[in-house]
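Colleague: I should like to learn how to read the features of a model such as this one. May we go through them in turn?

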Amino acid sequence: MTKFSPTRRGFLAGSAALIIGAHLPVGGKMAAKAASGPISLNAFVRIAEDNTVTVIVKHIEFGQGPFTGFATLVAEELDADWSQMRAEHAPADTATYQNFAFGIQGTGASTAVRNAFTQMRQAGAAARSMLVQAAAREWGLPEDEITVAKGVVSHAASGNSAQFGELVAAAQDSTPPEEPKLKDPADFVLIGKDVPRLDSADKTTGAAQFTLDVYREGMLTVAVAHSPWIGGKVKSVDAAAALAIDGVEKVETIPTGVAVYARNTYCAFKGRDALEIDWDLSEAETRSAEEQMEEVAAAAATGEGVVADTYGDLDAAFAGAAEVIEAEYRLPYLAHAPLEVMDGVIENHGDAAEIWMGSQMQTVDQQVTANILGIAPEQVAINTLMAGGSFGRRAQYDGQFAQELAQVAKAGGQGTFKLVWSRKDDIQGAYYRPQAVHRQRAALDETGRIIGWQDKFATESIMGGSAFEVVIQNGVDPFSVEGSIHKPYDFGAFEARWVRTDSKVPHLWWRSVGHSHTAFANEVFLDEVLQAKGKDPVAGRLELLGDKSPRDRKVLERVAEMANWQGVNGSDGKAYGVALHPSYDAHFAYIAEVSEVDGEPRVRKVWVAADVGIAINPDVVKAQIEGGLGYGLSAALFNEITFAEDGQVAQENFDSYRLLRIHEMPEVEIDLAVSSEKPGGIGEAGTPPIAPAVSNAWRVLKGQPVRRLPLVRA
C-alpha cells in the first residue's frame, strides 16, 4: 500500500497555526478577479450579480453541518441576509484550505468550526469591507458613513443604497483589510440563532449530489473481490466465468483483490460473484475475536505501559487505603458502518486525474492517488461531494479507499471508473475501532471517599504506524488515551497508564476516538464505587468535582434538575443512570431512563445538559447531540465485530451489525448552556456519555455489574 507521508515540520507547523490564530489567504487561488460576473472576494466568499453569496467550505459536509455553520459565520460579519447564502465544497488545495488542527486539508476530531471560527468571520468581514469601499467610491462618500444590513449597503443621509450584486464589478478594485474588524458578540444577529440548514432542501428533493449520482461518458463500474480473511492475499484467480457474463468488460488483479470492470453495477457484482479465487492466508488473521480480546486483557494485566497522566502520591493512597475496589472492563471491535458505503469516481487521463467522492482528507487522497498513478499531486483534482455519514470511516490516514480507486484506474488504463463497495465490503473490509481492556482500581478511606484512582488499560495505538505517528510523544498516543486523562474529578491521587498492543486487524479512529472506550470504563466504575459505599451517583460526582471544573459541575447539576433526580430507582420497573464526560472542548452530562423489555434494555428517555461554548446554530448543535447519542446507543446495546470459527468477519450487514431502529430511539431532552466560551466540538462529543449512562441504569435493574459491551450480545 502506498503510504501518505506528511513531514513532521509541516504537521507541527499546522498544529501551531491553531494556537497563533487563523490565516486569511485572501490572495489564494479563489481570489482571482474575473472581468465580469461573480467575484471571489477572498478564498471563502464569492458574491454573484444575482446577490447570492456562496461560502467555500473547506470541510466535507456529511450531515454534521459545516455548510450552515460556516455560512452563518460569514453572513454574520458580512451582514448578509440569510436567504442569499449558499455553500459549496472547496477544491483540494492544502495551502489555502488546510485544517489548522492537522496541517492538511481534512475533516475530523470535531474541529471544523473550532479551527475556522475566527477565519470564516474574518472572511465575511473582509468581504464586507470591500463592498463598503466599492460603495464609497461609487457614491463619493466616506466609508465610515456607510452601513450594511441584511444584504443591503446604504448611506442614510444621501438615501443611496445597493444590493451586494450591484457592487460586484466595483468591488473588484477594493483592497481587503489585513486585519478585518470583527463584531462584538453582543451585536450578533445570526450566531446563536436557529437558521434553516442550507443542505436540507437539496437533500429532501434529491437535488444534492452524492457519489452514486455521478455518471460520466464511457464510465465503467468496478467491484473488487476482497479476501474474506483480514490480511489474505490473492494466490490465483480463474476469471473465465466472470468474463463470460454479458456486461463484464475485463478483470484485473490489484493489490487489494480482484477488480471486475463492467458496464453497470449489477454486472460488476455478478461478475465478482462468478470469480474463483484461491486466497493466500499465510499473513491473515484467523483467530477469533475472543482469543484476541484475551491477549489484550493479558497486556492490561501484566504490561508495564506508559503513564499518560498522573498527580498526587498514588502509592501512598493505595498503601493507606481502608479499602481497594477493582474491576475490569472490555470493549469490542467496532465498525463505522456509515449508511452511504464507500464509493468514488476517477477519470484517468494518463498525465492527470480527476476524482469525485466524499473525501474527508483531501490532502491524503490527492497524494496517494498521485503516487500510484505516477503524477504530481497538483495533477489530481478532487471534487468533494456530500457523503452519507462517516464517523471516521472516510478519514483513513493512508487513504485506503482512494488507493484502491487509483489502483483500479492504474489497472484499467485511461478512462473513467466508478468503484462501488457493497455493505458487506464495508463491514468486512473496514478499519475498526480497536478492542480495549481497562483495569480500574480505586482506593477509599474509612469514610468511603475515593483518595486514589488508577486506570490501566490496553489497546492499539490509533496513530501508531500511521502517517500521523509524529503526535506520539514520550510513548503516549494522545488519541488512544483521551478521556482517561485530564479527568474533571479530584481523586487526590491519580494515574492513567496505557499499554500499547498490536494486531493484524486494521484499526482507525471511530466516532469520539479514545473517548468512546474511556468514558464507559471510567464512568461505569465510578458509579459502581459510589453505590458500593452507599453514595448517590449525582451527589458523589459533585463531591469529587468540587471546584475543579465549574463547567462540568454546572451541567451535572442542570441535568439532575431537568430529570428531577430522585435517585437510581424509579417506579414501574425503571432505573436511572448518570454519566458525565467532557470531550472536544464540550461538556456533557446525561441521565438515562431505562427499563427491561424481553430481557433487553429499553432506553425510554435521556436528559442532556451540555455546555458547548457558543452554539453557532443551536438547532444544528442539538441535532448533532441527538445523532451522536443514537450512534453511541447502537454501539452500547448491539454493536460488536467478531470472527467466525474459520476466521472470517462474522457480520456483513445491518441484520448482524444491528443499528438502533427508529422506534428504539429514546426521547431526548437537551438543554444548552448559554455561554460566551469559544465553540466546542459537537460532532463526536455527544457519543461517549450514553454507554455509561445506560449501563449504570442497567446494572441497577439487573443487580449485576456491567463490565463489557455491548449489553445485548449475539
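Modeller: Let us start with a single residue of this predicted model. Leu 314 lies in helix H10, which covers residues 314-319.

Colleague: Is Leu 314 buried or exposed?

Modeller: The reading rests on a cut-off: a residue counts as buried when its relative accessible area is under 20%. Leu 314 has a relative accessible area of 10%, so it is buried.

Colleague: Which residues is Leu 314 in contact with, leaving aside its neighbours within four places in sequence?

Modeller: Leu 314 touches two stretches of the chain: Gly 452, Trp 453 and Gln 454, together with Ala 493, Phe 494 and Glu 495. As for separation, Leu 314 and Glu 326 stand twelve residues apart in sequence, and their C-alpha atoms are 15 Å apart in space.

Colleague: Some of those contacts bring us to strands. How is a sheet to be read?

Modeller: Strands of a sheet pair through backbone hydrogen bonds, and the pairing is either parallel or antiparallel. Here, five strands form an open sheet with mixed pairing, in the order S13-S21-S20-S19-S14. Strand S13 (306-311) and strand S14 (323-331) are at its edges; each has a single partner strand, so one side of each lacks a neighbour in the sheet. On average, neighbouring strands of this sheet are turned by 10° against each other, direction ignored.

Colleague: How many bridges join strand S20 to strand S21?

Modeller: Eight bridges join S20 (residues 450-460) to S21 (residues 494-501), and the two strands run parallel. Within this pair, Gln 454 stands opposite Glu 495. Both residues are also among the contacts of Leu 314.

Colleague: Which helix lies across S14, S19 and S20?

Modeller: That helix is H15, which runs at about 145° to S14 and also lies across strand S19 (436-444) and S20.

Colleague: How does one describe the packing of two helices?

Modeller: Two packed helices are described by the angle between their axes and the distance between the axes. Helix H15 (residues 515-532) packs with helix H19 (residues 690-702) at an angle of about 35°, and their axes are 8 Å apart. The crossing is right-handed. On the H15 side, the residues that meet H19 are Ala 519, Phe 520, Glu 523, Val 524, Asp 527, Glu 528 and Gln 531; on the H19 side, they are Ala 691, Pro 692, Ser 695, Asn 696, Arg 699 and Val 700. By class, this contact has six nonpolar, three polar and four charged residues.

Colleague: Is there a further sheet on which to practise?

Modeller: There is an open sheet of three strands, in the order S5-S6-S7, with antiparallel pairing. Its edge strands are S5 (147-149) and S7 (160-163), each pairing on one side only. Neighbouring strands in this sheet are turned by 20° against each other on average, direction ignored. Four bridges join strand S6 (residues 152-155) to S7, and Val 152 stands opposite Gln 163. Helix H4 (residues 112-139) lies across S5, S6 and S7, at about 45° to S6.

Colleague: Why is strand S8 described as largely enclosed by the rest of the structure?

Modeller: Six of the six residues of S8 (residues 220-225) are buried, so the strand is largely enclosed. Both of its faces are covered: Leu 220, Val 222 and Val 224 are buried on one side, and Thr 221, Ala 223 and Ala 225 on the other. S8 pairs in the parallel sense with strand S18 (residues 415-420) over three bridges, where Thr 221 stands opposite Lys 418. Five bridges join S8 to strand S11 (residues 257-262) in the antiparallel sense, where Val 224 stands opposite Ala 259.

Colleague: May the reading of burial be applied to helices as well?

Modeller: It may. Ten of the twelve residues of H11 are buried, so this helix is largely enclosed by the rest of the structure. Helix H11 (residues 362-373) reaches 16 Å from its first C-alpha to its last, close to the 16 Å expected at 1.5 Å a residue. Its buried residues pack against helix H3 (94-97), strands S15 (343-348), S16 (353-357) and S17 (380-384), and helix H12 (400-412). Just after H11, Gly 374 takes a positive phi of about 70°.

Colleague: How many residues of helix H18 are buried?

Modeller: The number is 15 of the 20 residues, so H18 is largely enclosed by the rest of the structure. H18 (residues 618-637) reaches 28 Å from its first C-alpha to its last, close to the 28 Å expected at 1.5 Å a residue.

Technical notes
Residues numbered from 1 in each chain as written. Predicted model: local features only at pLDDT ≥ 70, side-chain atom pairs only at ≥ 80, totals over all residues. Heavy atoms only, no water. Axes fitted to C-alpha atoms, helices over the stretch in contact; angles between N-to-C directions. Left-handed = near helix turned anticlockwise from the far one by under 90°. Contact = heavy atoms within 4.5 Å. Nonpolar A, V, L, I, M, F, W, Y, C, P; charged D, E, K, R; others polar. Buried < 20%, exposed > 50% of the residue type's maximum accessible area, 1.4 Å probe, protein only. Pairing = 2+ DSSP bridges. Expected span 1.5 Å × (residues − 1).
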